[in-house]
Amino acid sequence: MHILIVEDEARLREHLRDRLRKNGYVVDVAADGEEGLYYGQEFPLDLAVIDIGLPKISGLELIRRFRSNGRHFPILILTARRNWRDKVEGLETGADDYLVKPFRFEELQARLNALLRRAAGWSKPVIDCGPISLDTGKQTVTVASNPVELTAFEYRVLEYLMLHAGQVVSKAELTDNIYDQDYDRNSNVLEVFIGRLRRKLDPDNRIEPIETLRGRGYRFRRETGREC
Amino acid sequence: MRSLQSRLLLAATLVLAGFIGATGLALDKAFQVSARASMQDRLQSYIYALLAAADEDDSGRMIPPQEIPEPRFSKPDSGLYAMIAAHDGRPLWHSHSLAGRSVDIARQQSPGQREFHLFSQAGMELYAISFGVAWEDYAKGETLYTFAVAEDTVALRAQIDSFRASLWSWLGAMAVVLLLAQGLILRWGLRPLRSVESDLHRIEQGRAEHLDGSYPKELTGLTSSLNSLIEHGKRVQTRYRNSLDDLAHSLKTPLAIMQSFCEQESAHTSQGRASLREQVRRMDEIIEHQLQRAAVSGPAALARSVLLQPVLERLVRSLDKVYRDKQVDVALDLDSGATFYGDEADLTEVLGNLLDNAYKYCLGKVRVRARCAPEGVSGQSLEISIEDDGQGIDPQMIDTVLQRGRRMDETVPGHGIGLSMAREIISVYGGELDIGSGSLGGALLRVRFAS
């Protein structure tokens, strides 16, 4: 998942970037509205976190420009003001959710998950595909109600695949959403992750949730869970 | 033209000048007409006197008058002249006053006809009358003559000039008196404004609290509005001061805890971090609470009216977005034209907090009702109720919920200070917030504003 953070306060910006990267997101940061606009227009984003009080171009104006340029990724606004007039204005401008500073990182993470899930078309926080169940809120995975331990990167790969269940996800797309641009695309780390996921989710090779489509990528089987 | 006084004075002066000028011209004209008419009458009467003084000879033909009752006819250059001309214009006789002057004052007239004319001759300006006469002799033969009398206009002019002089000096004096009176009336009439100004000045200097003089009734609307504005400003100031005071003091406690905490060994344990986080949360809530309390505008001096419907619709649209997963079904049931008298931001804050609460705790349904009822002479009370189909609020918890900064349910994301904030704003407006249970099964929050 590719996330843009536009925040002028350097410490908060770096803190968010580091923690989100640690959780397996691809993160770009911008310190002002102009830079944010550039990133938002030039790169494919899955989500943007925008501070309202930005230099050069204000947060609200930035959102307005994104929306009028047909950019529809979900936007979470950060604001120091808690009053409803500002919240309503932000949401009417085109933001999808807001978070008031100061906030706990866990709170931000939960909101991001919910926005990403909704953007992928899932209205409930728990995605059930047959025996495999992924809770985007708690960020846990169970197979037939038994919890499965995953690393942050494994979880991110699985989440991306399950959010796009039934669709073909290319290797490049998956890599882009899990690593920064400078990642060596020829390495086989992704195959290693997929292999580990298969072993953890389906040790007996009974449900085979992840299909490999040679030369095209991977697909999380929809038929694995008819209730999807 | 900045000053009311000079505006009024200028206008009055222009009107007065126009009026007095027109009056003067009309009087002058009227006097000239009547002076001319009386001169014509006099000239005419001299003609009759001439006719009476004319004699006739044995055969009944006219002999020009020898003696005329008016002595000025006999005095040379007296300014009054007479003349008789034959029907062919040949002068037959003239008065002694015309002796030595070759002035022809007669103009041929047929019998019974007369003509007045003004003319200048030999350095004189004369006003003359010519009168046609048919003189019948005993043999029934008629001879035609023209009798003429002329008078110098010097006297007439002098009369008119002296009339004018006295007319304009009187009118001028009157204008001056009127303008003075006007100025005095204006000063007197505008004096209450000056006193308001000086009272305001005294308030600025801190020597008075509000406008307390007795003002004319045209000004009482203004002065009472000013008084409420001053009152409102003072209230806001007090609130700011109190908030700042409370803020500073209430931040001291968590700061003290953090301070002592820094000096302890446990600062780096996870328990230590949790305790630090707790203090940060507390400080955030304190700041938020005081900030919002200070930001409430409260009932303003000049009450603005805010329609409920658009405010609620905006909030519902926004909250629908935030709570998209819940697909909350909101029913708005508002009296048409339900209106809140106060600040829109305050109303948004109250309704935002209450609605957010309802969205947060409901299972899927929220109902908003607004009823307005007439109250008192011109007032209107407004009652807004917001209910949801959630679990409701335990009656024993109500006080806790309304306490500042307490969270009822730590696991639901949000800010516990919402309801207490709403109550604070409502109480600034002199309203009430009740918490009960409604027909949907969950909490029912009822706000009542008296007008």
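A residue counts as buried here if 20 or more other C-beta atoms lie within 10 Å of its own. Keep that cut-off handy, because by this definition 22% of the 451 residues of chain B are buried. What you have open is a predicted model, so let's walk through it with that in mind.

**Stop 1: the two chains**

Color by chain and start with B. Chain B holds eight helices and 14 strands. Of its contacts between residues at least 6 apart in sequence, 60% link residues at least 24 apart.

Now switch to chain A, with its 228 residues, 39% of which count as buried. Its secondary structure adds up to eight helices and twelve strands. For contacts in chain A between residues at least 6 apart in sequence, the share joining residues at least 24 apart is 56%.

**Stop 2: where A meets B**

Select the interface: 17 residues of chain A are in contact with 18 residues of chain B. On the chain A side, two elements give two or more residues each, namely α4 (84-93) and α5 (105-119). Which of them gives the largest share? That would be α4(A), with six residues. By class, the chain A side splits into nine charged, six nonpolar and two polar residues.

**Stop 3: a helix pair across the interface**

Stay on α4(A) and add helix α5 of chain B, residues 308-322. The two axes are 9 Å apart, and the helices pack at an angle of about 65°. That makes the pair roughly perpendicular, and the crossing is left-handed. Show side chains for A:W84, A:K87, A:V88, A:L91 and A:E92 on one helix, and for B:R314, B:L315, B:S318 and B:K321 on the other; these residues make the contact. The contact has four nonpolar, four charged and one polar residue.

**Stop 4: a helix pair inside chain A**

Next, select α2 (residues 33-42) and α3 (residues 59-68) of chain A. Their axes come within 10 Å and cross at roughly 20°. Are they parallel or perpendicular? An angle under 35 degrees counts as roughly parallel, and α2(A) and α3(A) are therefore roughly parallel to each other. The crossing here is right-handed. From α2(A), pick A:G33, A:G36, A:L37 and A:G40; they meet A:E61, A:L62, A:R65 and A:F66 of α3(A). This contact divides into three nonpolar, three polar and two charged residues.

**Stop 5: the nonpolar cores**

The largest nonpolar core has 98 residues, and the ones touching the most other members are A:I3, A:I50, A:L158, A:L161 and A:M162. Which helix gives the most to this core? Select α6 of chain B, residues 344-361: it gives eight residues.

Then center on A:I3. Leaving out neighbours within four places in sequence, A:I3 is in contact with A:L20, A:Y25, A:V26, A:V27, A:D46, A:L47 and A:V49. A second, separate core has 23 residues, including B:I84, B:I105, B:A128 and B:F147.

**Stop 6: one residue in chain B**

Finish by zooming in on B:L382, which sits in strand β12 (residues 379-388) of chain B. Buried or exposed? B:L382 is buried, because 24 other C-beta atoms lie within 10 Å. Setting aside residues up to four places away in sequence, B:L382 touches B:A338, B:F340, B:A370, B:C372 and B:F449. Try a distance label from B:L382 to B:T339: C-alpha to C-alpha they are 7.5 Å apart, with their positions 43 residues apart in sequence.

Terms used:
Residues are numbered from 1 along each chain as its sequence is written. Chains are lettered from A and ligands numbered from 1 in the order in which they are written. This is a predicted model: local features need pLDDT of at least 70, side-chain atom pairs count only at pLDDT 80 or more; totals for chains, interfaces and linings use all residues. Two residues are in contact if their C-beta atoms, placed from the backbone, lie within 7 Å. Helices (H or I, at least four residues) and strands (E, at least two) are DSSP runs, numbered from the N terminus. Ala, Val, Leu, Ile, Met, Phe, Trp, Tyr, Cys and Pro count as nonpolar, Asp, Glu, Lys and Arg as charged, and the others, Gly among them, as polar. Axes are lines fitted to C-alpha atoms, for helices over the stretch in contact, and angles run from 0 to 180 degrees between N-to-C directions. Angles under 35 degrees count as roughly parallel, over 145 as roughly antiparallel, 65 to 115 as roughly perpendicular and the rest as oblique. A crossing is left-handed if the near helix is turned anticlockwise from the far one by less than a right angle, and right-handed if clockwise. A nonpolar core is a set of buried Ala, Val, Leu, Ile, Met, Phe, Trp, Tyr and Cys residues joined through C-beta atoms within 7 Å. A residue is buried if 20 or more other C-beta atoms lie within 10 Å of its own, exposed if 12 or fewer, and partly exposed in between; C-beta atoms are placed from the backbone.
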